[in-house]
Protein chains: 2
Amino acid sequence: MALSLNKEIQRGEEGIKEGKQEEGAYEKLGPYLERAMALQTALILFEWDNETLAPEKAGKYTARVQGALSGAYQEIMTDKAVRELLNICQKEQGLTEAEQAIVREASEELSRLEKIPPEEYRAYQELVAESARIWSGAKKAKDFDAFAPTLKKIISYQKKFAGYQAKDGQRMYDVMLDNYEKGFSMEKLDEFFGLLKKELVPFLKRVTESHVKIRDDFLTGNYPREKQRELAEFLAEYVGFDFERGVMAESAHPFTTNLHNHDVRLTTHYKDRVDSSLFSVIHEAGHGIYELGVDDELTQTLVGQGASMGMHESQSRFFENIIGRNEAFWVPVYGKLKELFPEELEAVRREDFVRAVNKVQPGLIRTEADELTYSLHVLVRYELEKMLIEEDLEVERLPELWADKYEEYLGVRPQNPAEGVLQDIHWAQGSFGYFPSYALGSAFAAQMLQFIKKSMDFEGLLEKGEVEVIVQVLKRHIHRFGKMRDSRRLLKDMTGEDFNPRYYVEYLKEKYGKLYEVE
Amino acid sequence: MALSLNKEIQRGEEGIKEGKQEEGAYEKLGPYLERAMALQTALILFEWDNETLAPEKAGKYTARVQGALSGAYQEIMTDKAVRELLNICQKEQGLTEAEQAIVREASEELSRLEKIPPEEYRAYQELVAESARIWSGAKKAKDFDAFAPTLKKIISYQKKFAGYQAKDGQRMYDVMLDNYEKGFSMEKLDEFFGLLKKELVPFLKRVTESHVKIRDDFLTGNYPREKQRELAEFLAEYVGFDFERGVMAESAHPFTTNLHNHDVRLTTHYKDRVDSSLFSVIHEAGHGIYELGVDDELTQTLVGQGASMGMHESQSRFFENIIGRNEAFWVPVYGKLKELFPEELEAVRREDFVRAVNKVQPGLIRTEADELTYSLHVLVRYELEKMLIEEDLEVERLPELWADKYEEYLGVRPQNPAEGVLQDIHWAQGSFGYFPSYALGSAFAAQMLQFIKKSMDFEGLLEKGEVEVIVQVLKRHIHRFGKMRDSRRLLKDMTGEDFNPRYYVEYLKEKYGKLYEVE
């Protein structure tokens with residue numbers, strides 16, 4: 001296979017000369033895409049390893065290795081032969097849906113990559129490989145200034161790259177948004193976040209002023225790490241994560257990644273509050289179950305992964321909130337929890353536990369946010385990203401603006417950047433345009449729930465411990481398609497309706513209106 | 001850097017046309033070798049991950065990824081431009097020793113690789129990526145037949161590859177030996193192993209028949225895993241392993257690997273016998289310290305790693321046996337051990353502990369062997385490898401011959417293949433010619449000890465806890481040179497004498513003669 005790549009190129013060119021170009025262009029692409037995917041998979045493994053295990057001082061040396069692999073990836077994807085073969089494939093008849101989708105993704109990737117000069121791409125990759133470490137140090141030291149110069153560099157690259165990629169006067173932030181969620185430009189998101197702001201900010205105020213007070217002191221206490229780990233493994237498996245095709249490790253910030261759909265990896269962290277890791281695990285398991293559910297036909301292809309960031313988040317939030325924070329979910333499971341932590345939970349009734357894990361408490365940390373306030377954390381980030389990219393907001397002003405917005409929407413103000421602007425790793429990884437997908441995901445999930453409830457007794461299934469039935473519905477409509485279809489299409493095919501954020505607002509207002517006895 | 005690789009090729013060719021070929025050929029090689037090293041590093045990470053973490057069912061999919069990366073590596077190393085540049089470099093004046101060594105290694109790798117047809121190389125890589133799993137299943141089931149077909153395939157590839165590589169009538173097993181230890185062909189090894197067989201087999205008989213009986217029952221007992229892990233970390237650090245540039249994990253079979261000299265990785269396993277993991281950790285730390293000691297100038301180059309398998313093993317065995325099993329070593333350390341395991345070791349005097357960990361007990365498992373019998377385990381493997389490769393020994397006959405030889409040299413006979421021929425992973429990884437380096441390493445180490453003792457009070461340093469002084473000597477003479485110089489050269493430069501196996505035999509006979517009161 002190795003040297004045959006060169007032979008493939010030669011054959012490809014001969015084919016063109018002899019006028020046989022339509023014949024098997026897709027097959028000729030195979031070895032190139034296979035190698036590109038292998039390089040991508042290696043890069044994913046390095047990232048995983050950096051986050052979970054690699055020694056402290058390895059970073060700057062390993063970053064060079066990652067840079068060289070990125071370079072090799074870019075080179076193969078922008079190879080002249082790949083370009084020619086893709087051109088032929090785009091006109092080719094008789095490709096399957098998966099093949100067409102692979103050609104589409106490869107063409108998009110090619111056009112993204114060939115617009116970025118390789119030296120810049122490589123320098124950027126090295127910057128990003130190193131910046132997570134700088135960010136992490138700055139966060140530890142609560143020192144935004146230590147991260148600001150790196151963040152500026154990242155933003156400057158991001159803008160430059162977006163400029164290269166913009167089509168017909170497309171705005172830079174729209175280019176970035178497009179990388180995570182096709183079909184959701186600023187225009188659409190302004191509308192979405194506008195609705196959330198208009199509906200949820202005043203609703204939250206009514207909730208926090210409600211006479212209903214919820215106890216949750218018992219969630220903090222003597223919850224030994226080892227027992228939490230046992231619970232984490234139990235819950236991940238209970239909701240459907242397959243440990244024969246997946247692993248779980250620890251990292252500073254929980255995440256999910258996958259080498260392919262037979263090797264899916266979750267991380268978590270263990271804190272004093274038991275619900276923190278508990279729901280984080282169900283959340284990551286949701287991401288993981290999505291990847292495990294991708295059809296084997298798509299394994300190690302450009303469409304062998306989730307459709308989009310938003311669709312991914314819809315699955316993780318579906319598991320975390322719609323399944324995991326549902327009272328019915330705990331009917332068969334709460335006993336296990338009491339068994340693991342008898343001291344702490346002996347006197348706590350299931351109803352009180354479920355109320356506690358649904359307690360609304362506007363806070364500073366996105367990843368610890370409750371279901372209701374969560375999208376307001378995202379709103380802050382959306383507005384700031386827009387300003388950074390579209391209005392050249394100075395990086396130095398971020399901490400203050402961040403604090404102001406938190407005060408306005410959530411009624412809380414960070415006292416230092418570690419609990420403010422430095423809390424998330426995303427910008428350190430160059431992920432601008434990513435945050436909105438978190439809120440979109442919750443909204444997708446609410447729309448899916450509304451659809452599922454039409455045809456089955458959702459709570460009844462949870463009470464009987466039959467999460468598997470729900471997983472199968474999601475797999476049938478969403479997971480198995482991988483990235484063949486985009487999120488709007490999947491959502492429409494499943495629910496019969498285009499994206500409609502009203503379901504999300506209604507879901508939240510109904511659930512929390514009832515809990516807090518407000519309108 | 002990425003696309004510039006193509007530019008480099010073009011420039012390289014223009015250079016040749018314009019007759020400027022001497023100018024900077026070495027610099028032009030840089031980007032090729034950098035990418036090749038990056039691919040190698042990725043392959044090492046995949047291997048590490050497979051052994052320590054990857055989920056069970058990922059293997060066959062990940063094997064394809066590994067195959068594709070190996071193919072890319074082979075392609076770049078055999079690139080026409082690389083060949084031309086290496087030809088120029090070989091004649092180039094003014095290269096540093098490191099640069100010359102890199103050119104030498106690259107040329108050897110190129111000639112090794114270009115002789116193997118790429119499809120075969122790739123198929124072989126995939127076979128080997130999968131075979132560890134098959135071996136592990138067969139070992140678990142104590143079923144040699146489950147592994148035999150895979151082993152046959154591996155041997156057949158190995159022979160084929162050796163045939164491609166053989167120079168002027170070189171014998172196949174000599175080609176394989178050369179991959180691990182230059183300068184040690186069958187002729188030299190027959191002499192070495194002949195000496196061991198002649199001297200140590202009868203000596204061992206006298207030891208086992210000695211009236212001296214050593215108690216070691218207290219080494220097995222209530223040694224909790226967590227405490228053993230704490231001890232492992234303490235000891236690795238105590239002998240000089242740097243956890244800022246290294247990590248430790250668990251795997252079925254302990255090993256050491258490294259991404260580069262700032263990311264060195266040990267594994268261990270924890271058993272009921274405390275000395276099993278204890279000395280395994282010191283052993284692997286020895287390998288690790290070697291890699292950490294390689295000069296930074298050589299990082300991520302073809303010579304940025306240990307000189308050879310035998311030299312590597314000399315360091316691990318120096319740490320494990322010559323340092324770790326020395327009574328003086330335990331003077332400052334035994335207290336820590338008693339503190340960790342008060343119940344088990346309270347009544348055990350240091351002298352008795354040290355006698356126990358030096359107890360000679362001919363057994364079936366190489367990795368659990370004592371210092372005296374160890375090389376006899378290797379002798380068995382050397383003789384069988386020779387027969388497999390040079391005499392076409394049928395794979396089916398291995399279990400029986402294995403058992404016969406163990407009975408003859410060690411006086412014990414395996415009752416099933418898990419404690420016999422299936423115990424080691426090496427053949428499953430295609431590592432034929434590797435085993436002899438284990439015994440050579442011990443012999444190198446004994447020769448080094450003899451040299452070191454001439455100029456310093458070896459035991460005195462250990463008693464004062466100054467292992468660091470000894471590490472520095474090894475670093476100065478051996479570690480820092482990486483793979484620039486071969487093992488015979490390093491040994492000669494250090495000790496002033498060519499390899500002399502007599503030191504090893506004398507060391508063993510003196511130490512164990514004294515312990516067991518025999519001649």
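**Salt bridges and polar contacts between chain A and chain B.** In this predicted model, eight salt bridges are counted between chain A and chain B. One of them joins Arg35(A) to Glu75(B), with the closest N and O atoms 3.1 Å apart. Across the interface of the two chains, 13 residue pairs are in polar contact, both residues of each pair having pLDDT 80 or more.

**Elements on the side of chain A that touches chain B.** Two or more residues each are given to this side by helix 1 (4-17), helix 2 (25-52), helix 3 (59-77) and helix 6 (118-140) of chain A, and likewise by strand 1 (246-250), strand 2 (256-260) and strand 3 (263-268). Helix 2 of chain A provides the largest share, 10 residues. By residue class, the side of chain A that touches chain B divides into 23 nonpolar, 11 polar and 14 charged residues.

**Extent of the contact and of the buried area.** The contact draws 48 residues from chain A and 48 residues from chain B, and the area buried between chain A and chain B is about 4,200 Å², with carbon and sulfur atoms giving 64% of it. In chain A, the residues that lose the most area to chain B are Tyr61(A), Glu75(A) and Glu244(A), which together make up 15% of what that side buries.

**The rotation axis relating chain A and chain B.** A turn of 180 degrees, with a shift of 0.0 Å along the axis, lays chain A on chain B with an RMSD of 0.0 Å, which is the relation of a two-fold axis. Among the residues of chain A, Ala42(A) comes closest to the rotation axis, its C-alpha lying at 3.0 Å. The same surface serves both copies, since 100% of the contact residues of chain A recur in chain B.

Definitions and conventions
Residues numbered from 1 in each chain as written. Chains lettered and ligands numbered in written order. Predicted model: local features only at pLDDT ≥ 70, side-chain atom pairs only at ≥ 80, totals over all residues. Heavy atoms only, no water. Contact = heavy atoms within 4.5 Å. Buried area = accessible area lost by both parts, 1.4 Å probe. Salt bridge = Lys/Arg side-chain N within 4 Å of Asp/Glu carboxyl O. Polar contact = N/O pair within 3.5 Å; in protein donor to acceptor, adjacent residues only side chain to side chain. Helix = DSSP H or I, 4+ residues; strand = E, 2+ residues; numbered from the N terminus. Nonpolar A, V, L, I, M, F, W, Y, C, P; charged D, E, K, R; others polar. Least-squares fit on C-alpha atoms with pLDDT ≥ 70 in both.
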